[in-house]
Amino acid sequence: MDHARKVKVLYKTILRLHRGLPAALQEMGNNYVKDEFKRHKNCSPVESQNFTREWAERPNH
């Protein structure tokens, strides 16, 4: 799987996990995730790999 596809799968997985939260927390979490991914959309390949690795390894997600 190429890197762009991995990022997309990670993004959708996080949003799917948020579905189990109460509505207000789900909205807050989704907004946070969307903002973080948008801010890193044009980062370097090394930064992108670090970013996705850190999100994938985060506890509580």
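A salt bridge is taken here as a side-chain nitrogen of Lys or Arg within 4 Å of a carboxyl oxygen of Asp or Glu, and by this rule the count comes to two. The structure is a predicted model, in which local features need pLDDT of at least 70 and side-chain atom pairs count only at pLDDT 80 or more, while totals for chains, interfaces and linings use all residues. Residues are numbered from 1 along each chain as its sequence is written, and side-chain values use heavy atoms, with hydrogens and water left out.

The protein holds three helices and zero strands, running α-α-α from the N terminus on; helices (H or I, at least four residues) and strands (E, at least two) are DSSP runs, numbered from the N terminus. The C-alpha trace spans about 35 × 20 × 20 Å along its principal axes. Of the 61 residues, 21% count as buried, where buried means under 20% relative accessible area, exposed over 50%, and partly exposed in between (1.4 Å probe, protein chains only). Counting as contacts heavy atoms within 4.5 Å, residues 24 or more positions apart account for 43% of the contacts with a separation of 6 or more.

Both salt bridges involve Arg-39, and together Asp-35, Glu-36 and Arg-39 are linked in a network.

| Salt bridge | Closest N and O atoms |
|---|---|
| Arg-39 with Asp-35 | 3.0 Å |
| Arg-39 with Glu-36 | 2.3 Å |

Side chains of opposite charge can pair when their charged atoms come close. Arg-39 and Asp-35 are separated by about one helical turn because they lie four residues apart in helix 2, and Arg-39 and Glu-36, being three residues apart in helix 2, are likewise separated by about one helical turn. The members of this network differ in their accessibility: Arg-39 counts as exposed at 52% relative accessibility, Asp-35 as partly exposed at 37%, and Glu-36 as buried at 11%. Helix 2, in which Glu-36 has its place, covers residues 23-39, and Glu-36 also touches Phe-51 and Trp-55, not counting residues up to four places away in sequence.

Helix 2 also contains Met-28, which is exposed, with a relative accessible area of 55%. Together with Leu-21 and Leu-25, Met-28 forms a nonpolar patch on the surface, with about 280 Å² of accessible area together; such patches are made of residues with over 30% relative accessible area and no salt bridge, nonpolar side chains (Val, Leu, Ile, Met, Phe, Trp, Tyr) being joined within 5 Å and like charges within 9 Å.

Definitions and conventions:
Areas by Shrake-Rupley, 256 points an atom, 1.4 Å probe, with all protein chains shown as cover.
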